[in-house]
Amino acid sequence: MKRSITSSSWIIGCAIGVAIVFCGPSVASAAPAKDSCVACHSQLPDEYSKPAKLYPGDIHHRAGLSCADCHGGDRNDDSMNAMSPAKGFRGAPTKAQIPAFCGRCHSNPAYMRKFNPSLRTDQETEYFTSVHGKKLKQGDAKVAVCVDCHSVHDILAPSDPRAPVYPTHVAETCARCHADANYMKGYNIPTNQYALYEKSVHAAAMEGGDTSAPTCSTCHGNHGATPPGLNSVANVCGTCHVMNQELFEKSPHGPIFAKMGLPGCVQCHSNHEILAPRDSWVGTGPKAICVTCHVAGDNGYKAAKEISNGFDKLKSTYQKADTVLNTAEKSGMEVSNARVEMTNAHSDLIKARVAVHSFNAADVLKITNEGVATSQKAYEAGVAALHERDYRRKGLALALIAIVIAISGLYFKIRKMERG
Amino acid sequence: MADLKRRTLDWLNERLGGEGIEEFLRHKRVPLHRHTIWYYFGGIALFLFVIQVLTGILLLMYYRPTASGAFESVQFIMTQVKFGWLIRSIHSWSANLMIFIIFVHMFSVFFMKAYRKPRELTWVSGMLLFFLVLAFGFSGYLLPWNTLAFFATKVGTDMAGFVPIFGKWIMVFLRGGNQVTGATLTRFFGFHVAVLPGIATMLIAFHLLLVQKLGMSVPPGVERKIKAGVEPERSMPFFPNFLLRDILGWYGALGALGALAAIFPWELGTKANPFGSAPAGIHPEWYFLFMFQTLKYLPSKVFFIDGELLGLMLFGVAGAIWVVVPFLDYKAGGFGRVTRFFTGLGIFALGYIIVFSCLALL
């Protein structure tokens, strides 16, 4: 897809000269009324008229820019002279020229201010720091340039949900090249990142509509796309997972990982296939990650076991309390105060999961023990509610017996009275 | 002991003139026929009203009518106050049961043509009491200040805004402003515990006075059979025979209330958040469902009239006709087409209420 767009844009650009001779009426456009480029191109066969047909939906068209603003030439001239170099005609750029072609405007703060004062103007500079930019400079025409990600002639604002660079589409856009094993041949990098990312907790969050969830560009950058180095992995993850990063850096693992050249977070959580963490990853069980390095008897192994036990205790107490409260609620008992306690206990569980990154058993257990105490309190409230329910039902039974006796007494009295 | 009782009664009679009441009770009789059972529903409705007053007074001791304290005070009543759960649940269940019994009472009176001359005013006062009870329900529903009540009140008071000319004024008057806020809660509390009970007490007294003065109405069919000598004219003394049967019904109602309160305590829900969004599937109390469902079916515009306005106008006209039925069904005691039309109208109204309420619940 990417390649076809790029190559077709060149072909279309080159065909402009031929196309001009078939000039005809203009297509509907918000750009200035007279536009000989659109007038001719819209009459050409599909491949050559595509830019003119696509362009009305382009963000540049909505900003009042015409073909000539990018490609040069004279849009008021209906003759072939419209495309003469004397009239500033630049034609279609080659792939290597594209960053500079877009950068002519997008790297000019004074010009861009007229359209969007808050838009960055360093994309071109940043692009040449990226792997893509560096390789392009080395003459590699396969790497991505502006139009490969943003499309061409139908460019949309990144905030437009239809745009290929809108958060929900970024991974697919990158995958167009990076998941294509044939295309990526020769680069010696894996092509399964997209498949792995699709399984990740981040992709699930994005699919769930959370556009702030990480996608490729969140960790790798967009215009300056580069794989994060070993030392910066924690910083990348830490942009969102602030507490986890802080705790990790202060933990015994922080300096040791750095010394051993291990990539921080990725060591346990992987990189693209970042699954929703499980409590079973901590501890000494068969699914535990800790035991991949720690062995029975060492301090890390002991700490892992203690932390895991703390989790188990908190979760079982929480579950027990939740079951009792559910039963009480189903019986119509008012246990909202205990439910508030349960949210606190659940917060403790979340806090403990974050505190794991300190790898300090005492710190984690302090939090899990608080959660256990809170859950226990909620459990007792639930048990009290169930006792109260039983008490009410016994009271009801007694009251109903008294009422039935009274009704029977009245019934017999009426019968006796009316027979008498 | 018997002597002490007689002397106490004599002492009271001497000062209060109780002989009149005793005499009245001794001579008052209630007709006895195959439809007598319907006479008890008025008494049960009165009994439930008394329960409402008593439990309402008890709730007042802890309830706080402010947006910041109402929900918490009801929560406190339900969880901390000894038997608070029972009092609140009985208050809520009794309110609903009372409205149901009043529906039964109203339709039984309607189909037995008990509104015919000279009982027109008994019917009119009863209808006013019925509207008053609906107002009790609407105002009381908001008082726990929970999410469901908040949005139901918002929708309900919005409806008032559709009334032509005075609509906006009525809405602002009910809400105490343009929006449902703490001011609405305080206002509804005032209506619920002072204004409405005051009017209701006077109307109930008037209604009972008319019932006692005019006696129970015998259905026209039974009356004709008695006149034709097909059926004997039977009756029973009001005191003690009818009253004891009434009490039997009250005990039954009390048992039902206790069981409902103990097995299905009235839910509290979550505290109202005026800035939150309305919960899905929001609907009013069951006794307003048939109107709610009708408004849902009406298109937004019927010719040049707003759908909601048209619905309200139709219900307003129907309610007004219902109130003045005794004056329109002027041959209620006979066989004529007019009276058959009104019986048909009653069957249609009952069917409409049942069908549309069920549709709203589906």
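In this predicted model, the tryptophan W123(B) touches a set of residues that lie more than four places away from it in sequence, namely M106(B), V109(B), F110(B), Y115(B), W322(B), V323(B), V325(B) and P326(B). W123(B) is also one of the residues that touch the most other members of the largest nonpolar core, a group that further includes L48(B), F103(B), M106(B), W145(B) and W322(B). That core holds 67 residues, and its largest share, 12 residues, is contributed by helix 5 of chain B, which covers residues 84-111. Separate from this is a second core of 15 residues, among them L314(A), A352(A), A355(A) and A361(A).

**Chain B as a whole**

Chain B contains 15 helices and four strands. Its radius of gyration is 23 Å, which agrees with the value near 21 Å that a compact globule of 362 residues would have. Along the principal axes, the C-alpha trace of chain B spans about 65 × 60 × 35 Å, and 44% of the 362 residues in the chain are buried. Of the contacts in chain B between residues at least 6 apart in sequence, 76% join residues that are at least 24 apart. The accessible surface of chain B amounts to about 19,300 Å², and carbon and sulfur atoms account for 72% of that surface.

**Where the two chains meet**

The contact involves 22 residues from chain B and 20 residues from chain A, and the area buried between the two chains is about 1,800 Å², with 70% given by carbon and sulfur atoms. On the side of chain B, L244(B), L248(B) and Y251(B) supply 28% of the area buried against chain A, more than any other three residues.

**Confidence in chain A**

The pLDDT of chain A averages 88, and 91% of its residues score at least 70. Over residues 1-32 of chain A, however, the pLDDT is below 50, although this stretch has 67 contacts in the model beyond near neighbours in sequence. Where pLDDT is low, the predicted coordinates should not be read in detail.

**Two residues of chain A**

T215(A) is placed in the loop between helix 13 (201-207) and helix 14 (216-220) of chain A. With a relative accessible area of 6%, T215(A) falls under the 20% limit and therefore counts as buried. Apart from neighbours within four places in sequence, T215(A) is in contact with P167(A), V170(A), A171(A), Y197(A) and M206(A). T215(A) and P167(A) are 48 residues apart in sequence, yet their C-alpha atoms are 6.9 Å apart. K302(A), in helix 19 (residues 299-330) of chain A, is instead partly exposed, at a relative accessible area of 46%. Between K302(A) and G283(A), which are 19 residues apart in sequence, the C-alpha to C-alpha distance is 8.6 Å.

**Backbone angles**

Most residues other than glycine have a negative phi, and most peptide bonds are trans. The table lists exceptions found in this model.

| Site | Feature | Angle |
|---|---|---|
| K117(B) to P118(B) | cis peptide bond | omega near 10 degrees |
| F239(B) to P240(B) | cis peptide bond | omega about 5 degrees |
| N188(A) | positive phi | phi near 60 degrees |
| F303(B) | positive phi | phi about 55 degrees |

P118(B) lies in the loop between helix 5 and helix 6 (120-142) of chain B, whereas P240(B) is within helix 11 (residues 238-263) of chain B. N188(A) sits in the loop between helix 11 (167-178) and helix 12 (193-199) of chain A and is exposed, with a relative accessible area of 75%. F303(B) belongs to the loop between strand 3 (301-302) and strand 4 (305-306) of chain B, and at 79% relative accessibility F303(B) likewise counts as exposed.

Notes. Residues numbered from 1 in each chain as written. Chains lettered and ligands numbered in written order. Predicted model: local features only at pLDDT ≥ 70, side-chain atom pairs only at ≥ 80, totals over all residues. Heavy atoms only, no water. pLDDT = per-residue confidence, 0-100. Contact = heavy atoms within 4.5 Å. Core = buried A, V, L, I, M, F, W, Y, C linked by side-chain atoms within 4.5 Å. Buried < 20%, exposed > 50% of the residue type's maximum accessible area, 1.4 Å probe, protein only. Rg over C-alpha atoms; globule rule 2.2 N^0.38 Å. Areas by Shrake-Rupley, 256 points an atom, 1.4 Å probe, with all protein chains shown as cover. Buried area = accessible area lost by both parts, 1.4 Å probe.
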